[in-house]
Each structure stands twice: as C-alpha cells, then as structure tokens.
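Here are my comments on the model you sent, set out as numbered points. Please read them with the structure open beside you.

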Amino acid sequence: MNKAVKKYLKKSMILMVLILIVNFLSFICVGIVLNINIASENISGFALLSIMVASIIAIGHYLDKKTYFITMLIFNVIAIFYMLYISLNKTAENWSDLVSIISYLFTMGIGLITATIIQSVVILKKRLQTKD
C-alpha cells in the first residue's frame, strides 16, 4: 500500500473511532437518564450497534464519497439528538428506552437511504459532465 492510501485509511479509522465513541456514550447517556440498570448485555449491544453505525458512516470517507459521509454524519447527529430528546422528555412513558433506540435506528435508516440517493446523483452528474 502506498503512503497516501495508508494516510487516508488512518484518517478514516480515526473518524470511525470518534463516531463510535460518541454513539456509545450517547447510548449510555440514554440509559443513565432513564435510570436503566445497564448490564453487560446492554453494554455489548450498545458497543455492537455503535461499531456497525460507525463503520457504515466511515466507509463513505474511506471510499472518498464525501457527500455520503457528510449526509450520514448529519443524520447521525440528528438521530442522537432525537434519541436524547425522547429520553429526556420521556415521551413514551415506560417505553422510552425502546422507543429512543428504535427512533435512532429509524432516523439512521432514513439517513442511509438519503445519503445513498444523494451520492448516486452526484456520481451520475459527474459522469454526465465528463461525457460532454
């Protein structure tokens, strides 16, 4: 691997770890706010979910798909705030823990679809411009 690829991979990995930490801590905050007994199963579930989301976001950076990466990052921030909003306001009494996580996943799903569509449009636009 040449030096440029190694440097880019290293930057993508650092971003992935930062996203992972932010997501994991936000899941822990939801548990603390809702006074949930956070057991090892919860922690492992939060860690697995954080790894999956961080990987899905960071792959856009690694593949140099900036539009995808930025869109997913924006939706991740929105999803975290929405999840915390649900937890802090306890909008679904006695179900806020489940509803907040599902809302996070739903928002991230919409973000994934949106980011993929937007990135596809950007790629098609570039290809059409190079043909002219």
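1. Val17, Ile21 and Leu25 together make a nonpolar surface patch of about 250 Å², in what is a predicted model. Of these residues, Val17 lies in helix α1, and Val17 counts as partly exposed because its relative accessible area is 42%, which falls between the 20% and 50% cut-offs.

2. Turning to the interior, the largest nonpolar core has 22 residues, and the members that touch the most others are Phe27, Ile57, Tyr104 and Met108. Two or more residues of this core come from each of α1 (3–33), α2 (40–62), α3 (66–89) and α4 (96–131). In soluble globular proteins, nonpolar side chains tend to be buried together.

3. Which residues does Ile57 touch, if those up to four places away in sequence are not counted? The contacts of Ile57 are Ile19, Tyr68, Phe69, Met72, Leu73, Asn76 and Met108.

4. For α4, the 36 residues should span 52 Å at 1.5 Å a residue, and the end C-alpha atoms are indeed 52 Å apart, so the two values agree. Buried residues of α4 include Ser96, Ser100, Tyr104, Met108, Gly111, Ala115 and Gln119.

5. Two loop residues deserve a look at their backbone angles. Asp64, in the loop between α2 and α3, has a positive phi near 60° although this residue is not glycine, and its relative accessible area of 43% makes Asp64 partly exposed. Lys90, found in the loop between α3 and α4, likewise has a positive phi, near 45°, in a residue other than glycine, and Lys90 counts as partly exposed at 38% relative accessibility.

Conventions. Residues are numbered from 1 along each chain as its sequence is written. This is a predicted model: local features need pLDDT of at least 70, side-chain atom pairs count only at pLDDT 80 or more; totals for chains, interfaces and linings use all residues. Side-chain values use heavy atoms; hydrogens and water are left out. A nonpolar core is a set of buried Ala, Val, Leu, Ile, Met, Phe, Trp, Tyr and Cys residues joined through side-chain atoms within 4.5 Å. Buried means under 20% relative accessible area, exposed over 50%, partly exposed in between (1.4 Å probe, protein chains only). Helices (H or I, at least four residues) and strands (E, at least two) are DSSP runs, numbered from the N terminus. Contact means heavy atoms within 4.5 Å. The expected span of a helix is 1.5 Å times one less than its number of residues. Patches are made of residues with over 30% relative accessible area and no salt bridge: like charges are joined within 9 Å, nonpolar side chains (Val, Leu, Ile, Met, Phe, Trp, Tyr) within 5 Å. Accessible areas come from the Shrake-Rupley method with a 1.4 Å probe; for residues, only the protein chains shown count as cover. A salt bridge is a side-chain nitrogen of Lys or Arg within 4 Å of a carboxyl oxygen of Asp or Glu.
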